[in-house]
Amino acid sequence: MATEDKNRATAAAILPLVGGAANVASVAHCMTRLRLGLHDRSLVDDEALKALPAVMGVVEDDTYQIVLGPGTVARVTPEFEQLVEEAREAAPAPAPEPGAAPATAEELAAQGAAIRAERKAKNATPFKLFLRKIANIFVPLIPALIGCGIIAGLNGLLVNLEWLPAVTPALAAMASGFMALIAVFVGYNTAKEFGGTPILGGAVAAIIVFPGVTNIDAFGQTLSPGQGGVLGALGAAVLAVYVEKWCRRWVPEALDVLVTPTLTVLISGLVTIFGLMYVAGEISSAIGTFADWLLSNGGAGAGFVLGGLFLPLVMLGLHQALIPIHTTLIEQQGYTVLLPILAMAGAGQVGAAVAVYVRLPRNESIRRTIKSALPAGLLGVGEPLIYGVSLPLGRPFITACVGGAFGGGFVGLFNQLGDTVGSTAIGPSGWALFPLLDGNHGLGSTIAIYGGGLLVGYVAGFLATYFFGFGKDLLAEFNVSREPAHSTVAATGNTHPAPAGSGPNDSDNPDPGPGPDPAKAPAGV
């Protein structure tokens, strides 16, 4: 089947399972997930969705998210949007009943769904909703950060090898152009996310990178282009939104088109030049200084703590606060030293999953989930293993964190010894981070340290889980066959049993069929 046909077939299979075109309010995607705004959540057939070969899992957050994996999601999304549009133009039929397709409800999947639903409810605090807005500002920038980061790494390699000297200046321009203007994109997205006019947010943020600011003195010093960076752009755009909203309330409608944008740019621009650029610049410098000091003086301990706590931070939604910090470090130093350490959490999760596979030889369902989710886990997409395996089991989640702690401590130790390991972009993790690595002692050394950290995380996660991840009761409960009880379904006539705690997520699929369910964690992480 041609790639285009395969992507369209995937989109066509997903559409009826989310309630049809009439149930779709919005369509978007990030690095790995198709994000849908839905009118009626009850029309979604979670289990049938997770059983699709192309679907790695589902996540319910502010939007309904279907995990398709990097690359695939960017190709399926436009096909899905086109199908939705075609269906609406052809007078959409009523949304199908949720029980239209048969599904099986596995005990472990139900536990993972209940945990995700509980986590979502706890994460709906004002502070965490604010962090989610911050994440929404930066997540759309990740593809450009990745592309430019890889080009920067390639350019550095060519420069070191003294190859293609006529090409390297062009590569340097490609790699640096986006970073030179990233403040504008942050301002644009910030205004959009906070309910203002995006272009006005971008216009105010553009002041920060304008070369002419060198003619301006503020707080006794001459401003420099880029001073304040993404943090300054974030603050400037938020201010612009509030100024714009104030103008909309008080400016007469006949004058709005002239007065509102003028006052928005003027007021927020003056505050940015004579206040925010200086303040944000000081904060940005402090972030870079603190990160360097932390890893230089306590790298092993800091890495151990960061690597061990990252999975719980993700569960609490607090990892989103790190995104502007990563971006600030990349803008300042060319790479973020924190991401390779935090990526070790995924290594611990992979090691723990392998140990679960070995310790539960009779549970075919969990073992199938692990086999299907493990490739995504190696690439840094961990939700399938987290929500489908370790977290519902309990103790293996803790031992996975132990593996991440040891991996983080390994990378942090080398940072403390002077071998800095960083990433030129955020988003990827696991093996997918190798093309984005950078450091101060050459690419070979950087790759070796990061690879060693992954290995330590795998081994530590495996050993901790194998020896301490299971008690007698847990083994007695789960080291048995967990095949779907088809006879029960047949006897009751219920083709769509509802799993307990119906909160789907990016990663739960104790038996997702051919496909699991990823996380980034980054995103990334």
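This briefing describes the overall make-up, the nonpolar cores and the two largest pockets of one protein. The structure is a predicted model, and the protein in it has 525 residues, of which 51% are buried. Its secondary structure consists of 20 helices together with eight strands.

**Overall make-up**

- Among the contacts in the protein with a separation of 6 or more, 76% are between residues that stand 24 or more positions apart in the sequence.
- The protein exposes a surface of about 22,100 Å², and 67% of that area is supplied by carbon and sulfur atoms.

**Nonpolar cores**

- The largest nonpolar core is made up of 68 residues, and the ones with the most contacts inside this core are Phe138, Ile182, Val186, Val356 and Tyr450.
- Apart from that core there is another one, which has 23 residues, including Leu15, Val24, Ala48 and Leu68.
- If neighbours within four places in sequence are left aside, Tyr450 of the largest core touches a set of residues that begins with Pro340, Ala343 and Met344, continues with Val421, Ser429 and Gly430, and ends with Leu433, Phe434 and Leu437.

**The largest pocket**

- The largest pocket has a volume of about 590 Å³, and it is lined by 21 residues, of which Ala28, His29, Arg35, Val139 and Pro140 are the closest to its centre.
- Two or more lining residues come from each of the elements β1 (24–29), α3 (72–89), α5 (126–138) and α8 (182–193), and the largest share, four residues, is given by β1.
- Sorted by class, the lining of the largest pocket holds 11 nonpolar residues, six polar residues and four charged residues.

**The second largest pocket**

- The second largest pocket holds about 490 Å³ of space, and among the 25 residues that line this pocket, Ala152, Gly153, Gly334, Thr424 and Asp438 are the closest to its centre.
- At least two residues of this lining are supplied by each of α6 (142–161), α7 (168–180), α12 (322–333), β8 (437–439) and α18 (443–468), with the largest share, 10 residues, coming from α6.
- The lining of the second largest pocket divides by class into 11 nonpolar, 12 polar and two charged residues.

Note on methods: Residues numbered from 1 in each chain as written. Predicted model: local features only at pLDDT ≥ 70, side-chain atom pairs only at ≥ 80, totals over all residues. Heavy atoms only, no water. 1 Å grid on protein atoms, 1.4 Å probe; cavity = no way out; pocket = protein on both sides within 12 Å on 5 of 7 lines; lining within 4 Å. Points joined across faces, edges and corners; volume = space filled by probe spheres on them. Nonpolar A, V, L, I, M, F, W, Y, C, P; charged D, E, K, R; others polar. Core = buried A, V, L, I, M, F, W, Y, C linked by side-chain atoms within 4.5 Å. Buried < 20%, exposed > 50% of the residue type's maximum accessible area, 1.4 Å probe, protein only. Contact = heavy atoms within 4.5 Å. Areas by Shrake-Rupley, 256 points an atom, 1.4 Å probe, with all protein chains shown as cover.
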